[in-house]
Amino acid sequence: TQAPVNVTVTGAAGQIGYALLFRIASGQLLGPDTPVKLRLLEIPQAVKAAEGTALELEDGAFPLLAGTDIFDDAKQAFAGTNIALLVGARPRTKGMERADLLEANGGIFKPQGEAINAGAADDVRVLVVGNPANTNALIAQSHAPDVPAERFTAMTRLDHNRAVAQLAKKLNAPVSEIRKLTIWGNHSASQYPDIFHAEVAGKNAAEAVNDEKWLAEEFIPRVAKRGAEIIEARGASSAASAANAAIDHIYNWVNGTREGDWTSMAVPSDGSYGVPEGLISSFPVVCKDGKYEIVQGLEINEFSRTRIDASVAELAEEREAVKKLGLI
Ligand code: NAX
């Protein structure tokens, strides 16, 4: 049988962590044949809560779970890790300026990048969920010079899944019939969900919708502001759906995307589609043999170009800001 894959989850005692860990233990992250060993990282004040979750994980008697270890030290938590899910982050609190937010997160993602560089397994794959996810991923990546840059990714899969669901609803189609939708740019309100290359049951989705007003005034803002809609309804931010998206992101990266489809991942730009090299921006990607590739050759119309450029400009500003703060 296969040796267990080490999976590190930061922010393990948080609400996404709680929704995520049981699905990892049940085999949904890597598949039904892959045993996993969990390594949970928390801040000292939350270690006790993480220990409580570990008790519950034990009570799941998951056949694929080879053990759970808890740490409050990043170096230890990332030692030998194959999959690193960076969920814990410093949220924006009242009165906090963007520079304060970036700086506080720099204090988390710089040491975590260093710890990944120092001790993670050679095949480590990193997914940053904690916001501002793209720029946090950039910070971590810039402190891990020995890890191939493309192993650092950030999560726009929740946005992708939200967009697929909204489009399916509009077209009265099952979600499984929606393909080739793309989230471009930053995981923020500036993100651009693109349906111009999307397909519904093999036909072009934008043509099937044929309603630019719906696209510009309902669909795009609904997807971009879905997080706020969830907070308004639930009284708490998205947790299970975010955990679900993190599972999808890693599952596809490791096991591939389905034939004739692609997904959205924020990955270091190679300059494709005019996105400045090195920015961690969301693209359409195909995953195969454990690797992802940015889908090439898509025609970008005027409607899309403006929106992609605006979101990418925001990422470039964030990169400038963290450079100024000495975080990268
Ligand atoms: P919670 O506040 O419930 O949990 C965060 C946990 O992280 C806490 O237990 C905290 O103790 C821990 N933590 C803080 N600093 C840490 C550090 N240095 N090392 C280890 N753990 C640390 O937040 P939750 O709702 O779970 O959300 C986590 C993050 O995901 C937030 O930054 C949130 O903004 C972000 N999200 C990102 C999404 C995306 O699509 N990329 C969507 C969902 C979510 O909003």
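**Pockets, a small sheet and a cis bond**

In this predicted model, the lining of the largest pocket takes at least three residues from each of two domains, domain 1 (5–154) and domain 2 (157–317). The space inside this pocket comes to about 1400 Å³. Its lining is made up of 47 residues, and the ones closest to the centre are Ala89, Pro91, Val129, Gly130 and Asn131. Five helices give two or more residues each to this lining: helix 1 (15–25), helix 4 (98–119), helix 6 (157–170), helix 9 (226–234) and helix 11 (302–324). Helix 4 hands over the largest share, seven residues. Sorted by chemistry, the lining breaks down into 21 nonpolar, 16 polar and 10 charged residues.

The UniProt record fits into this picture too. Its unreviewed entry lists Arg92, Arg98, Asn131 and Arg162 under "binding site". These residues span 71 residues of sequence, and they are spread out in space as well, with up to 26.1 Å between C-alpha atoms. Arg92, Arg98, Asn131 and Arg162 are all included in the lining of the largest pocket. Of these, Arg98 sits in helix 4, the helix with the largest share of that lining.

Asn131 turns up again for another reason: a cis peptide bond joins Asn131 to Pro132, with omega at about -10 degrees. Most peptide bonds are trans. Pro132 belongs to the loop that runs between strand 5 (125–128) and helix 5 (133–142). A further backbone detail shows up at Asn172, where phi is near 55 degrees, a positive value in a residue that isn't glycine. Most residues other than glycine have a negative phi. Asn172 is found in the loop between helix 6 and strand 7.

What about the second largest pocket? About 310 Å³ of space lies in it. Here 17 residues do the lining, and Arg157, His160, Asn161, Arg258 and Asp261 are the ones nearest the centre. Helix 6, strand 7 and helix 10 (240–255) each bring at least two residues to this lining. Helix 6 gives the most, with four residues. The mix here is five nonpolar, six polar and six charged residues.

Strand 7 also has a place in an open sheet of three strands, arranged in the order 7-10-11 with antiparallel pairing. Strand 7 (178–179) and strand 11 (203–204) are the edge strands with a single partner strand each, so one side of each has no neighbour in the sheet. Strand 10 (residues 199–200) is joined to strand 11 by two bridges, and the two strands run antiparallel. Within this pairing, Glu199 stands opposite Asn204 of strand 11. In general, the strands of a sheet pair through backbone hydrogen bonds, in either a parallel or an antiparallel way.

Zooming out, the unreviewed UniProt entry marks residues 156–323 as "domain: Lactate/malate dehydrogenase C-terminal". Over that stretch the chain is 47% helix and 18% strand, and the C-alpha atoms at its two ends are 23 Å apart.

How confident is the predictor? The protein averages a pLDDT of 97, and 100% of the residues score at least 70. For the complex, the predictor gives an ipTM of 0.98 and a pTM of 0.98.

Methods
Residues numbered from 1 in each chain as written. Predicted model: local features only at pLDDT ≥ 70, side-chain atom pairs only at ≥ 80, totals over all residues. Heavy atoms only, no water. Pairing = 2+ DSSP bridges. 1 Å grid on protein atoms, 1.4 Å probe; cavity = no way out; pocket = protein on both sides within 12 Å on 5 of 7 lines; lining within 4 Å. Points joined across faces, edges and corners; volume = space filled by probe spheres on them. Nonpolar A, V, L, I, M, F, W, Y, C, P; charged D, E, K, R; others polar. Domains from an automatic or database assignment. UniProt positions renumbered as here; feature names shortened; annotations may be inferred. pLDDT = per-residue confidence, 0-100.
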